[in-house]
Amino acid sequence: MLKTDILERHFVPNITDDQLTRYSRWCVFFLGLVAIGISFASKAIIPLLVFAFTMRSAGPFAAFLLGLTWKGATKGAGITSIVLGSLAGFGWEIAGQPFGIMSIIFGSVVSVIVFVVTVWIEKAMGREQAPPAIPE
């Protein structure tokens, strides 16, 4: 399934590859400006690097791990776990990492739980599984 197929089904109908490329470039440009602004506002580089790693890793953790190894995984489970795992990691970081649990751990656990629950729900709804990442 092409990237545009996923976007058409879930987010934006009738988007072309050129539009998707332009949108992606604008998103990268905007997020780059936000990152530059954050770096100018903060002098603590290590906490910023840890936060960046959390945002890059917590949400996609389950989609990468389970999406590659679980034959019954669904497309919606990957997308849902990335979004909710990232939001959970971000929220946990903003909350000050309660109970001494690092935000990357919390976000990754939420990502795994959301992935598994979404697969179960989508299978019960009769949704098709994602094509295997590793051909047999």
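Let's start at Q97, which is partly exposed at 25% relative accessibility. Q97 sits in the loop between helix 5 and helix 6, and its phi is positive, about 55°, although Q97 is not a glycine. Please keep in mind that this is a predicted model.

**A loop with two positive phi values**

F99 is also found in the loop between helix 5 and helix 6. Its phi is positive too, at about 60°, and F99 is not a glycine either. Is F99 buried or exposed? With a relative accessible area of 76%, F99 is exposed. The side chain still has ring partners: ring pairs link F99 with W92 and F106 into a cluster.

**The chain as a whole**

Stepping back, the protein chain has six helices and zero strands. Read from the N terminus, the order of elements is α-α-α-α-α-α. The chain has 136 residues, and 26% of them count as buried. Its accessible surface is about 9500 Å², with 72% of that belonging to carbon and sulfur atoms. If you take the contacts between residues at least 6 apart in sequence, 68% of them join residues at least 24 apart.

**Aromatic pairs**

How many aromatic pairs are there? The count comes to four aromatic pairs. One of them is formed by W70 and F115, a tilted pair with 6.0 Å centre to centre and 45° between the planes. W70 lies in the loop between helix 4 (60-69) and helix 5 (75-94), while F115 belongs to helix 6 (residues 103-124), so this pair ties together parts that are 45 residues apart in sequence. The two partners differ in accessibility: W70 is partly exposed at 26%, whereas F115 is buried at 1%.

W92 and F106 form another pair. Why is it called stacked? The ring centres are 3.8 Å apart and the planes meet at 15°, which counts as stacked because the planes are under 30 degrees apart. W92 is in helix 5 and F106 in helix 6, so the pair links distant parts of the chain, 14 residues apart. W92 counts as buried at 13% relative accessibility, and F106 counts as partly exposed at 27%.

Here are the relative accessibilities of the aromatic residues discussed so far.

| Residue | Relative accessibility | Class |
|---|---|---|
| W70 | 26% | partly exposed |
| W92 | 13% | buried |
| F99 | 76% | exposed |
| F106 | 27% | partly exposed |
| F115 | 1% | buried |

**The nonpolar core**

F115 has a second role in this picture, as a member of the largest nonpolar core. Which residues make up that core? There are seven in all: A62, L66, A73, A77, F115, V116 and V119. Helix 4 and helix 6 each supply at least two of the core residues, and helix 6 gives the largest share, three residues. As background, nonpolar side chains tend to be buried together in soluble globular proteins.

A62 is a handy core residue to click on in your viewer. Leaving aside residues up to four places away in sequence, A62 touches G67, S81, S111, V112 and F115. One of these contacts, F115, is itself listed in the core.

**Polar links at helix 6**

S103 lies in helix 6 and is buried, with a relative accessible area of 1%. What does the side chain of S103 join? A polar contact of 2.7 Å connects it to the side chain of E93. Apart from residues up to four places away in sequence, S103 touches T54, G89, W92, E93 and Q97. That list brings back two familiar names, W92 of the stacked pair and Q97 from the opening.

How many salt bridges does a search of the whole structure find? It finds one. The partners are E122 and R127, and their closest N and O atoms are 3.3 Å apart. E122 counts as buried at 9% relative accessibility, while R127 counts as partly exposed at 43%. In general terms, side chains of opposite charge can pair when their charged atoms come close.

Note on methods. Residues numbered from 1 in each chain as written. Predicted model: local features only at pLDDT ≥ 70, side-chain atom pairs only at ≥ 80, totals over all residues. Heavy atoms only, no water. Phe/Tyr/Trp six-rings, centres within 6.5 Å; stacked < 30°, edge-to-face > 60°. Helix = DSSP H or I, 4+ residues; strand = E, 2+ residues; numbered from the N terminus. Buried < 20%, exposed > 50% of the residue type's maximum accessible area, 1.4 Å probe, protein only. Salt bridge = Lys/Arg side-chain N within 4 Å of Asp/Glu carboxyl O. Core = buried A, V, L, I, M, F, W, Y, C linked by side-chain atoms within 4.5 Å. Contact = heavy atoms within 4.5 Å. Polar contact = N/O pair within 3.5 Å; in protein donor to acceptor, adjacent residues only side chain to side chain. Areas by Shrake-Rupley, 256 points an atom, 1.4 Å probe, with all protein chains shown as cover.
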